[in-house]
Amino acid sequence: MAMPTNPSSNISFLLLFLLLHFHLGKSELEVNYYSKSCPKAEDIIKQQVTQLYNKHGNTAVSWVRNLFHDCMVKSCDASLLLETVPNGVVSEKTSSRSFGMRNFKYVNTIKAAVEQECPSTVSCADIVALSARDGIALLGGPSIEMKTGRRDSKESYVTEVEDSIPNHNDSISLVLSRFQAIAIDVEATVALLGAHSVGRVHCVNLVKRLYPTVDKTLDPTHAEYLKRRCPTPNPDPKAVMYSRNDLKTPMIIDNNYYKNILQHKGLLSVDEQLATDPRTAPYVQKMANDNEYFHQQFSRAILLLSETNPISGDQGEIRKDCRYLNAN
C-alpha cells in the first residue's frame, strides 16, 4: 500500500535541493583555480596589466569599469568583450551605457600572452576579473583575493544592458535597486561608487548639471571650474572634453571621492544623491572619515560583484579570442 506523502517534507526537500544547487554553483569558483592547468596564468596577467599601466596609466581604470559593465549584465562572463559580427552577435559596447569605454584592444594583448602559455585554458571572464583586481592594486586600492573558474558566454546581452546598468542621471532608488538585484547591499553599493575617485567624466554626461542653469546642489565655485572644462551645452561626443572625478588624487582609489561629494563637488547627479539620501549618507560620511574602512568595503563589494552569477563547470566556453565566439 502506498504511504501517504507529507507536503511539508516535500517542500523541505525541495528547498534543500535548491540550496545545495546554489552552493555548488558558487563553489565552482575558487582561489588559484588555474594552479594545475596554467600555474603561471595570474602572474602573466599581472605582468601584462603592470606593463600596460606603465605605458598607459588609464588602462587600470578601464579594467575596473570593464568588471562593472560585464558583471552587472547577466553574469561575469565576458559578454561585454564580444564584437558585432554580420548576421550574428550585436556587441554590448554599442549601448549608450558603454559611452566612453576604451582600451579594449589591450584586453587582447593580455589574452594573447596567456594563450601563448596555456592555449584555450584561461577564460576571458577571468581575465576581466583578474585585470580589475590588479588594476585596483596599481591605483592604490586594496589587495583583493579574487576567485577564478569563470567561463565565457556564448552570446551578447545587448538588449539587457540598459535595464541592468544604472545611468548617471537615474535616481538613487533605481541605482540601489539595480545593485540589490545582484545581491549587492547598500553599504557595498556606496563603496563601489567610490570607483568614481579615479578616471574622468566626459562633458556629455556633465552638461545637464551646468546648462541652461547650474544645478543648485552643485558647489558654485566647482561649477565654474566645470564650465571651463565644458564650455558648451552641446559637446562633441568624439572630442576630448572631460573633467577628472577627483582633482587632488585623480589616479588613486581613495576616500577623497566621499569628501568631495559631501562638499557638493560630485560630477554626476548620482554622486550628489549618494551624499544626501538618508539610506546612503551615513556610509558616505563614514567612508569620508576612514579610508581603511572604505578599502575594506570596496574590497568586499568588488568580490560580490565579481562573483555575480558566474558561468562555470561545463557551461559556456573558453574563448580563444575574447572578441569572438569560438568556431563550432
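**View 1. Glu 83 and its salt-bridge partner in the predicted model.** Glu 83 is partly exposed, because its relative accessible area is 28%, a value that falls between the 20% limit for buried residues and the 50% limit for exposed ones. In this predicted model, Glu 83 forms a salt bridge with Lys 93, and the closest N and O atoms of the pair are 3.0 Å apart. Both Glu 83 and Lys 93 are found in the loop between helix H3 (58-71) and helix H4 (104-117), where they stand ten residues apart.

**View 2. The pair Asp 126 and Arg 150.** Asp 126 forms a salt bridge with Arg 150, in which the closest N and O atoms are 2.6 Å apart. Because Asp 126 belongs to helix H5 (residues 124-138) whereas Arg 150 sits in the loop between H5 and helix H6 (161-164), the pair ties together parts that are 24 residues apart in sequence. Asp 126 and Arg 150 are both buried.

**View 3. The pair Arg 209 and Asp 215.** A salt bridge joins Arg 209 to Asp 215, with 3.1 Å between the closest N and O atoms. Arg 209 is buried, with a relative accessible area of 4%, whereas Asp 215 counts as partly exposed at 24% relative accessibility.

**View 4. A network of salt bridges.** Glu 42, Arg 133 and Asp 134 are linked to one another in a network of salt bridges, and a search of the whole structure finds ten salt bridges.

**View 5. Val 240 in its loop.** Val 240 is placed in the loop between helix H9 (220-229) and strand E2 (242-244), and this residue is exposed, with a relative accessible area of 66%. The C-alpha atoms of Val 240 and His 202 are separated by 7.7 Å, although the two residues are 38 residues apart along the chain.

Technical notes. Residues are numbered from 1 along each chain as its sequence is written. This is a predicted model: local features need pLDDT of at least 70, side-chain atom pairs count only at pLDDT 80 or more; totals for chains, interfaces and linings use all residues. Side-chain values use heavy atoms; hydrogens and water are left out. Helices (H or I, at least four residues) and strands (E, at least two) are DSSP runs, numbered from the N terminus. Buried means under 20% relative accessible area, exposed over 50%, partly exposed in between (1.4 Å probe, protein chains only). A salt bridge is a side-chain nitrogen of Lys or Arg within 4 Å of a carboxyl oxygen of Asp or Glu.
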